[in-house]
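I opened this one with a fresh page and a cup of coffee. Here are my notes, in the order in which I looked things up.

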Amino acid sequence: MPVLRHAFVLQAVRELGRFTSALSRAREGSSLETGLQAIREACVATLGMEFDTLTRFDAASVVGLFSHPEQARIFARLVDEQARLFVSHGQLHAALDDSVYAGQLLACSRQRFGVPRDARAAETLQLEAGDPAPLVQG
């Protein structure tokens, strides 16, 4: 069973990598709703869960749904992407809320899975997604 979970998580990371450029394009040149839709699609494709549903829960509860720290990091990345989208459209209060929530997700991931496993998750995600910038410093 752990092999299947690992394969699922690796596929999720690859899917996020596939969506990364689309999310960046949506943030820079599209309407707010188009960007939000791209984030929703990426969440369903990578995690198999609805973005809007997950964001209604506190960070600890959401991280409790995941079996790997990589999943929490993927979701934190999507929340962070939504914050960037809000900034690009001048909605700074919403962006701040999402940035705080992304940080809470990462902190809860570290608490649940431990720092070494979470650090490995960050490395895996960055390598698979091809994103040289760190997600969140902490």
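**Entry 1: confidence.** I began with the pLDDT of each element, since this is a predicted model. Helix 7 (residues 115–129) has the lowest mean pLDDT among the elements of the protein chain, at 61, and helix 3 (residues 51–54) has the highest, at 96. For the protein chain I noted a mean pLDDT of 80, with 64% of the residues at 70 or more. I also marked residues 134–138, where pLDDT stays under 50. The model has nine contacts beyond four places in sequence for that stretch.

**Entry 2: the fold in outline.** Which elements does the protein chain have, helices or strands? I counted seven helices and zero strands, so my sketch from the N terminus on reads α-α-α-α-α-α-α.

Next came the totals. Of the 138 residues in the protein chain, 43% are buried. I put the accessible surface at about 7,200 Å², and carbon and sulfur atoms own 57% of that. Looking at contacts with a separation of 6 or more, I found that 72% of them join residues 24 or more positions apart.

**Entry 3: helix 5 against helix 6.** I use two quantities here, because two packed helices are described by the angle between their axes and the distance between the axes. For helix 5 (residues 69–88) and helix 6 (residues 92–113), the angle is about 170 degrees and the axes are 8 Å apart. An angle over 145 degrees counts as roughly antiparallel, and therefore helix 5 and helix 6 are roughly antiparallel to each other. On the helix 5 side, the contact includes Phe75, Ala76, Val79, Ala83 and Phe86; on the helix 6 side, Asp98, Ala102, Leu105 and Phe113 are among the residues that take part. By class, I get 16 nonpolar, three polar and four charged residues for this contact.

**Entry 4: two residues of helix 6.** I picked Ala102, which lies in helix 6. With a relative accessible area of 1%, Ala102 is buried. What does Ala102 touch, not counting residues up to four places away in sequence? I found Ala76, Val79 and Asp80. Ala102 and Ala76 are 26 residues apart in sequence, yet their C-alpha atoms are 4.7 Å apart.

Then I turned to Asp98, also placed in helix 6. Is Asp98 buried or exposed? At 11% relative accessibility, Asp98 counts as buried. Leaving out residues up to four places away in sequence, Asp98 touches Val79, Gln82, Ala83 and Phe86. From Asp98 to Ala83 I read 5.3 Å, C-alpha to C-alpha, over a gap of 15 residues in sequence.

**Entry 5: helix 2 against helix 5.** Helix 5 has a contact with helix 2 (residues 32–47) as well, and here the axes come within 10 Å and cross at roughly 175 degrees. That makes helix 2 roughly antiparallel to helix 5. Among the contact residues I listed Leu36, Ile39 and Cys43 from helix 2, with Ile74, Leu78 and Leu85 from helix 5. The tally by class is 11 nonpolar, four polar and one charged.

**Entry 6: a last stop on helix 2.** I closed with Gln37, which is found in helix 2. Gln37 has 34% relative accessibility, so I filed this residue as partly exposed. Between Gln37 and Phe51 there are 9.8 Å in space, C-alpha to C-alpha, and the two are 14 residues apart in sequence.

Technical notes
Residues numbered from 1 in each chain as written. Predicted model: local features only at pLDDT ≥ 70, side-chain atom pairs only at ≥ 80, totals over all residues. Heavy atoms only, no water. Axes fitted to C-alpha atoms, helices over the stretch in contact; angles between N-to-C directions. Helix = DSSP H or I, 4+ residues; strand = E, 2+ residues; numbered from the N terminus. Parallel < 35°, antiparallel > 145°, perpendicular 65-115°, else oblique. Contact = heavy atoms within 4.5 Å. Nonpolar A, V, L, I, M, F, W, Y, C, P; charged D, E, K, R; others polar. pLDDT = per-residue confidence, 0-100. Buried < 20%, exposed > 50% of the residue type's maximum accessible area, 1.4 Å probe, protein only. Areas by Shrake-Rupley, 256 points an atom, 1.4 Å probe, with all protein chains shown as cover.
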